[in-house]
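Here is a short structural report for a computational chemist. Please look over the sequence and the model before reading on.

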Amino acid sequence: MKKIKALAVTGATALLLSVGMSAMAYDGTKCKGSGNCWEAKPGFPDKIKGSKYDPKHSQTELDKQTTSMQAMEARNAERVKNFKETGKWSY
């Protein structure tokens, strides 16, 4: 029984030490502000436009999204208007 308790205590101690060490690994010296500690991976360019990371959005796809959002806002305005008139929310 003593071996089981000793093994449990040893395992718990190892777990606590490993968690504590991983928390201490990052020193936070490269933060741009409080909570703003994002860093690019090595090799990531400073300027994205023209690099292999440039998403190159299609203007046609952007226009589709704009049209879709305008239609959604119009539907929501109609729902609000109907709610104000009837007192019932309808999808």
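The report goes from the overall fold to the loop, the second helix and the chain end.

## Overall picture

This is a predicted model. The protein has two helices and zero strands. Helix 1 covers 2-25 and helix 2 covers 59-86. A loop connects helix 1 to helix 2.

Burial is scarce: 1% of the 91 residues are buried. The accessible surface comes to about 8,700 Å². Carbon and sulfur atoms account for 61% of that area.

## Nonpolar patch

Which residues form a nonpolar patch on the surface? They are W38, F44, I48 and Y53. Together they offer about 420 Å² of accessible area.

I48 sits in the loop between the helices. Its relative accessibility is 37%, so I48 is classed as partly exposed. F44 is also partly exposed, at 31% relative accessible area. For Y53 the value is 39%, again partly exposed. Exposure is needed here because a patch takes in residues with over 30% relative accessible area.

## Aromatic pairs

A search of the whole structure gives three aromatic pairs. One of them joins F44 and Y53, with ring centres 4.5 Å apart and planes at 40 degrees. That pair counts as tilted. Both F44 and Y53 thus recur here, having appeared in the nonpolar patch.

Another pair is F83 with W89. Here the centres are 5.9 Å apart and the planes meet at 65 degrees. This geometry is edge-to-face, because the angle is over 60 degrees. F83 is partly exposed, with a relative accessible area of 39%. W89 is partly exposed as well, at 43%. F83, W89 and Y91 make up one aromatic cluster.

## Loop details

S51 belongs to the loop between helix 1 and helix 2. Is S51 buried or exposed? Its relative accessible area is 15%, so S51 is buried; the cut-off for that class is under 20%. The side chain of S51 reaches the backbone oxygen of I48 at 2.7 Å. That contact links buried S51 to partly exposed I48.

K56 lies in the loop between helix 1 and helix 2 too. Its phi is positive, about 50 degrees, although K56 is not a glycine. K56 is exposed, with 60% relative accessibility.

## Helix 2

How far apart are the end C-alpha atoms of helix 2? They are 41 Å apart. At 1.5 Å a residue, its 28 residues should span 40 Å, so the two values agree. The expected span uses one less than the number of residues.

The count of salt bridges comes to one. It joins the side chains of E61 and K64, at 3.2 Å from N to O. Why can these two residues meet? E61 and K64 are three residues apart in helix 2, which means they are separated by about one helical turn. An α-helix has 3.6 residues a turn, so residues three or four places apart point the same way. Side chains of opposite charge can pair when their charged atoms come close. E61 is partly exposed, at 45% relative accessibility.

## After helix 2

G87 follows helix 2. Its phi is positive, near 85 degrees. A positive phi also occurs at K56, which is not a glycine.

Notes:
Residues are numbered from 1 along each chain as its sequence is written. This is a predicted model: local features need pLDDT of at least 70, side-chain atom pairs count only at pLDDT 80 or more; totals for chains, interfaces and linings use all residues. Side-chain values use heavy atoms; hydrogens and water are left out. Helices (H or I, at least four residues) and strands (E, at least two) are DSSP runs, numbered from the N terminus. Buried means under 20% relative accessible area, exposed over 50%, partly exposed in between (1.4 Å probe, protein chains only). Accessible areas come from the Shrake-Rupley method with a 1.4 Å probe; for residues, only the protein chains shown count as cover. Patches are made of residues with over 30% relative accessible area and no salt bridge: like charges are joined within 9 Å, nonpolar side chains (Val, Leu, Ile, Met, Phe, Trp, Tyr) within 5 Å. A salt bridge is a side-chain nitrogen of Lys or Arg within 4 Å of a carboxyl oxygen of Asp or Glu. Rings of Phe, Tyr and Trp (its six-membered ring) pair if their centres lie within 6.5 Å; planes under 30 degrees apart count as stacked, over 60 as edge-to-face and the rest as tilted. A polar contact is a pair of N or O atoms within 3.5 Å; within protein, one must be able to donate a hydrogen and the other to accept it, and residues adjacent in sequence count only if both atoms are side-chain atoms.
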